[in-house]
Amino acid sequence: MAFVVAATWKAKPGEAERVTEVIKKMTPLSRAEPGNVFYQAQVNPEDPETFFLYEQYTDAQAYEDHKNTQHFQENVFGYILEYLAERNVKTFETIDA
C-alpha cells in the first residue's frame, strides 16, 4: 500500500510560468526524498494555468516528512501559495491486489 496525494493548483492569471518554475525546482528534490515512490506534475493543455500533481509516498508519515522539508517549506508554503488562485489537495491509499 502506498499513500497517494492528488493536488490541483490553479495559477492566478499571468502566473502560470512562475508555477511551472517552482514545479520544475520541486520535482527532482521531491523525487530524491527517501519516502517518495512517484512524483509527477502535469499541466492542462486546454487551460495552462491548471496543474495536477500526482505523488506517491511509502506511507502517510513520508508525506508529512515531504511537507516538512526545507524545499517544500520555502517553495510551496513560503512562496507559490501567493501566486495560486486555488489549491486543492486530496489523499488516497492504493489498493494492492
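This passage walks through the fold, the helix packing, the aromatic pairs and two individual residues of a predicted model.

Start with the overall layout. The chain is built from three helices and four strands, and reading from the N terminus these elements come in the order β-α-β-β-α-α-β. The C-alpha trace spans about 40 × 30 × 20 Å along its principal axes. A compact globule of 97 residues would be expected to have a radius of gyration near 13 Å, and the chain agrees with that because its own value is 13 Å. Of the 97 residues, 40% are buried. As for how far along the sequence the contacts reach, among those with a separation of 6 or more, 70% are between residues 24 or more positions apart.

On to the strands. Strand 3, residues 47–57, is antiparallel to strand 1, and eight bridges hold this pairing. Val 5 is placed opposite Glu 55 of strand 3. Strand 3 also pairs with strand 2, residues 36–44, again in the antiparallel sense and again over eight bridges. Here Phe 38 has Gln 56 of strand 3 as its bridge partner. The link from strand 2 to strand 3 is a hairpin of two residues.

Next, the helices and what they pack on. Helix 2 has Ala 62, Tyr 63, His 66 and Lys 67 as buried residues. Viewed down the helix axis, the buried residues of helix 2 sit within an arc of 145 degrees, so they line one face of the helix. A general point helps here: an α-helix has 3.6 residues a turn, so residues three or four places apart point the same way. The cover over the buried residues of helix 2 includes strand 1, helix 1, strand 2, strand 3, helix 3 and strand 4.

Helix 3, residues 70–77, buries His 71, Phe 72, Asn 75 and Val 76. The buried residues of helix 3 fall within an arc of 90 degrees when seen down its axis, so they too line one face of their helix. They pack against strand 1 (3–11), helix 1 (16–31), helix 2 (60–67) and strand 4 (84–93).

Now for the rings. A pair of aromatic rings is described by the distance of the centres and the angle of the planes. Counting pairs with ring centres within 6.5 Å, there are five aromatic pairs. One of them joins Tyr 57 and Tyr 63, with 5.5 Å from centre to centre and 45 degrees between the planes, a tilted arrangement. Both Tyr 57 and Tyr 63 are buried. Another pair is Phe 72 with Phe 77: the ring centres are 5.0 Å apart and the planes are at 85 degrees, so this pair is edge-to-face. The two partners differ in burial, because Phe 72 has 5% relative accessibility and counts as buried, whereas Phe 77, at 38%, counts as partly exposed. Ring pairs also tie Phe 3, Tyr 57 and Tyr 63 together as a cluster.

An aromatic ring also turns up next to a charge. Arg 18 belongs to helix 1, and its charged end sits over the ring of Tyr 83, at 4.0 Å from the ring centre. Arg 18 is partly exposed, because its relative accessible area is 31%. Setting aside residues up to four places away in sequence, Arg 18 touches Tyr 79, Ile 80 and Tyr 83. Between the C-alpha atoms of Arg 18 and Ala 60 there is a separation of 29 Å, with the two positions 42 residues apart along the chain counted as their distance apart.

The second residue to look at is Glu 86, in strand 4. Glu 86 counts as exposed because its relative accessibility is 55%. Apart from neighbours within four places in sequence, Glu 86 is in contact with Thr 8, Trp 9 and Lys 10. The C-alpha atom of Glu 86 is separated by 25 Å from that of Asn 36, and these two residues are 50 residues apart along the chain.

Conventions:
Residues are numbered from 1 along each chain as its sequence is written. This is a predicted model: local features need pLDDT of at least 70, side-chain atom pairs count only at pLDDT 80 or more; totals for chains, interfaces and linings use all residues. Side-chain values use heavy atoms; hydrogens and water are left out. Rings of Phe, Tyr and Trp (its six-membered ring) pair if their centres lie within 6.5 Å; planes under 30 degrees apart count as stacked, over 60 as edge-to-face and the rest as tilted. Buried means under 20% relative accessible area, exposed over 50%, partly exposed in between (1.4 Å probe, protein chains only). A charge sits over a ring if NZ of Lys or CZ of Arg is within 6 Å of the ring centre and within 35 degrees of the ring normal. The arc is that of the directions from the helix axis to the C-beta atoms. Contact means heavy atoms within 4.5 Å. Two strands pair if DSSP finds at least two bridges between them. The radius of gyration is taken over C-alpha atoms; the globule rule is 2.2 Å times the number of residues to the power 0.38.
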